[in-house]
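Trainee: Could you take me closely through one part of this model, and then tell me what surrounds the ligand?

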Amino acid sequence: MNVWDLSALKALGRPALEIAILTLVIYQALRFVRGTRGWPVVLGFILSLLTLGLIIYVLDLQVLRWLLGTFSAFMAVAVLVIFQPELRRMLAEVGKLPLFATPQEQREIIEVIVRACERLSECRIGGLIAIEQSIRLEDVVESGIPVDCEATPEMLECIFFPNNAIHDGGVLIKGDRISHAACIFPLSRRQDLDPTLGTRHRAALGLSEETDAVVVVVSEETGAISYAYRGQLVRGVTVEALRDFLTATLIRPVRARGWVAWLRQRFERPRPAPAVLSRQSTVSGPTQSG
Ligand SMILES: Nc1ncnc2c1ncn2[C@@H]1O[C@H](COP(=O)(O)OP(=O)(O)OP(=O)(O)O)[C@@H](O)[C@H]1O
């Protein structure tokens, strides 16, 4: 291959690479923003910009073209401010750090949550549980009451038991411990939700829109178990479906964790498996909302 072939290849390859990178970035950004409360703003923004750009191009409006170019830097800052929660979530996802708990501890905490939800559902006690992942839930912590105890189904049931001082609001789980109770989660502002959806479910969805937390809800009214993750609320799931979802979401495949997993595989002490739970379902058929 001579020098001319190489430079021709570069000339062809560079735009292709640029287009591929841009497509990937735009696709990922839209994937994260879609379904969040900022989504209508993005859509409006993109449509307005496209329309304006088209008008400027067709009518060759020099002053508007200059203005658009000058203010694009300000617009970039505005986008950063408006979508700060979504960007945080996106960056956390890109640079996903290993979770604090080992896979075995995560399996145990999953069983604790599943068992607690099963009990709450049977007794028609409302529950709201957020499991912190890579984004720290500082605002949630500030609104809640410190608990800092080992997570057990009994403890979770106690917290949500009606009329006790900390039963209102959500519980925050960090690693394998109950960190806070009576936490206030941000409410989802989405307009397209089922109107029968109350504030407990909107709070679960709201937190999942702004962070990468996994949020589980038990309805006081119906006993239905639901979960919210990445701005999606899945309602009326069985305990088996909840377990499967939590396992798939919280426990990452060993190969995805690189050298950390390699070290863990070699040095982690094997621990006894958690007790198997009753496989009875509470509510049938998952339905997707949002
Ligand atoms: N922002 C919030 N953060 C945390 N918990 C909240 C929030 N808003 C409401 N809750 C909890 O939800 C309860 C009210 O639930 P509400 O009946 O309005 O919702 P719901 O989604 O219909 O739930 P359910 O099916 O259990 O009735 C409150 O008593 C409180 O415990």
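Mentor: Helix 3, a DSSP run (H or I, at least four residues) numbered from the N terminus, covers residues 62-82 and so has 21 residues; from its first C-alpha to its last it reaches 29 Å, close to the 30 Å expected at 1.5 Å times one less than its number of residues. This is a predicted model, in which local features need pLDDT of at least 70 and side-chain atom pairs count only at pLDDT 80 or more, while totals for chains, interfaces and linings use all residues. Residues are numbered from 1 along each chain as its sequence is written, and side-chain values use heavy atoms, without hydrogens or water.

At Ser72 helix 3 bends by about 40°, the angle between axes fitted to the seven residues ending there and the seven starting there. Three aromatic pairs (ring centres within 6.5 Å) occur in the structure. In one of them, the centres of the Phe71 and Phe74 rings are 5.7 Å apart and the planes meet at 45°, so the pair is tilted, being neither stacked (under 30 degrees) nor edge-to-face (over 60). Both residues belong to helix 3, where they sit three residues apart, about one turn of the helix.

Turning to the ligand, 16 residues surround it (a heavy atom within 4 Å), and Asp168, Thr199, His201, Ser219 and Glu220 come nearest. Helix 8, residues 199-210, gives the most to this shell, with four residues. A backbone N or O atom of Glu220 lies 2.6 Å from a ligand oxygen atom, and a backbone N or O atom of Phe185 lies 2.8 Å from a ligand nitrogen atom.

Key: Helix = DSSP H or I, 4+ residues; strand = E, 2+ residues; numbered from the N terminus. Polar contact = N/O pair within 3.5 Å; in protein donor to acceptor, adjacent residues only side chain to side chain. Phe/Tyr/Trp six-rings, centres within 6.5 Å; stacked < 30°, edge-to-face > 60°.
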